[in-house]
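Here is a colleague's note, written for someone who is meeting a structure of this kind early in their studies. Please keep the sequence and the model in view while going through the numbered points.

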Amino acid sequence: MLRVFACAWLLVGIAAQGSPPSAYRESIPGTLVTFEMVPVPGGSITVDGKPAEVRPFYIGRTEVTWDMFDVFALGLDAPQKAGRGDATARPSRPYGAPDYGWGHTGYPVISVTRAAAEAFAEWLSEKTGKKYRLPTDAEWQHVARLAAGSDQLPRSRSDELAWHRGNASAKTHGVGSKAPDALGLVDLFGNAAEWVTTSDGSPVVRGGSFRDPAERTGPAAREVQDESWNLRDPQFPKSKWWLSDGPFVGFRLVRDP
């Protein structure tokens, strides 16, 4: 059973600092796989009682999908010529089926560690020539507040915007199968919880997932990884790529303009 902790923070007046020029669609070179990035204005927020400035940036319209991650994980971009190797570090074979058979094409990638998410972002940056990364905790909270219009997701809109325990049938769903939020993003709340980077390095996911009740999905939803997320992994040490018991964990990318 997940324990989702409400982070005590308050957004004090989003002072618009401009936005990147416009949304854009990116292609992964050598494939037909594309994804969309949406501009986010900067602003001033207070996180855990401390003021923070968030500069304008781009964020993925959807969570990273299996379509995207498979290119990296399966080496679909690697040279196929005889005698020519691929030096890129790729995810090892997972324990079990990481998508749990719930859906693959068009579904959010799940069961991945934060290290795997960061490795994917680094690989994608090299492929595209643009710097992609995970959002910081402050950036994610800033986006979530703008998307929800509040520091909580209104219960009246949770079914419209989020896959949660009450409507998800205990599994993830295809990205974009819920309505877009105020920023035009989909699945920011619920479906798969999203990795963020933190100042102290703690492994934190945001937004809640399909396993959480509606009232625990939204801008304040926060959880720290514990041993139960990788309980069944027989490897020692545990895989740095996969979470054997974390099918509720995915990620979304950001990019500085």
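1. A good place to begin is just past helix α1, which is followed by Gly-75, a residue whose phi is positive, near 70°. Helices here are DSSP runs of H or I with at least four residues, strands are runs of E with at least two, and both are numbered from the N terminus. The model is a predicted one, in which local features need pLDDT of at least 70 and side-chain atom pairs count only at pLDDT 80 or more, while totals for chains, interfaces and linings use all residues. Residues are numbered from 1 along each chain as its sequence is written, and side-chain values use heavy atoms, with hydrogens and water left out.

2. Helix α1 itself is mostly covered, since seven of its eight residues are buried, where buried means under 20% relative accessible area, exposed means over 50%, and partly exposed lies in between (1.4 Å probe, protein chains only). The buried residues are Trp-66, Met-68, Phe-69, Asp-70, Val-71, Phe-72 and Ala-73, and they pack against β3 and α2; contact here means heavy atoms within 4.5 Å.

3. How do α1 and α2 pack, and at what angle? Helix α1 (residues 66-73) and helix α2 (residues 114-128) pack at an angle of about 80°, with their axes 10 Å apart, and α1 and α2 are therefore roughly perpendicular to each other. The axes are lines fitted to C-alpha atoms, for helices over the stretch in contact, and angles run from 0 to 180 degrees between N-to-C directions. Angles of 65 to 115 degrees count as roughly perpendicular, under 35 as roughly parallel, over 145 as roughly antiparallel, and the rest as oblique.

4. On the α1 side of this contact are Met-68, Phe-69, Val-71 and Phe-72, which meet Ala-116, Ala-119, Phe-120 and Trp-123 of α2. Sorted by class, the contact of α1 with α2 has eight nonpolar, no polar and no charged residues. In this sorting Ala, Val, Leu, Ile, Met, Phe, Trp, Tyr, Cys and Pro count as nonpolar, Asp, Glu, Lys and Arg as charged, and the others, Gly among them, as polar.

5. The loop between α1 and α2 holds Ala-89, which touches Phe-72 and Trp-241, not counting residues up to four places away in sequence. Ala-89 and Trp-123 are 34 residues apart in sequence, yet 9.2 Å apart in space, C-alpha to C-alpha.

6. Turning to the strands, five of them form an open sheet in the order β2-β3-β6-β12-β7, with antiparallel pairing; two strands pair if DSSP finds at least two bridges between them. Strands β2 and β7 (132-133) stand at the edges, each with a single partner strand, so one side of each is left without a neighbour in the sheet. Helix α3 (residues 137-148) packs on the sheet, touching β3, β6, β7 and β12 (254-255), and its direction makes about 75° with that of β6.

7. Strand β3 (residues 34-40) deserves a closer look: five of its seven residues are buried, so it is largely enclosed by the rest of the structure. Strand β2 (residues 24-27) pairs with β3 in the antiparallel sense over four bridges, with Ser-27 matched to Thr-34 in β3 and Arg-25 matched to Glu-36 in β3. The two strands form a hairpin with six residues between them, and Gly-30 in the turn has a positive phi of about 80°. Strand β3 also pairs in the antiparallel sense with strand β6 (residues 57-60) over four bridges, where the bridge partner of Met-37 is Gly-60.

8. Some backbone values invite checking, given that most residues other than glycine have a negative phi, and most peptide bonds are trans. Ala-170 has a positive phi near 60°, as does Asp-187, at about 65°. Ala-170 is in the loop between α4 and β8 (193-196), and so is Asp-187, but is each of them buried or exposed? At 55% relative accessibility Ala-170 counts as exposed, whereas Asp-187, at 1%, counts as buried. The peptide bond from Phe-236 to Pro-237 is cis, with omega near 0°, and Pro-237 is found in the loop between β10 and β11 (249-250).
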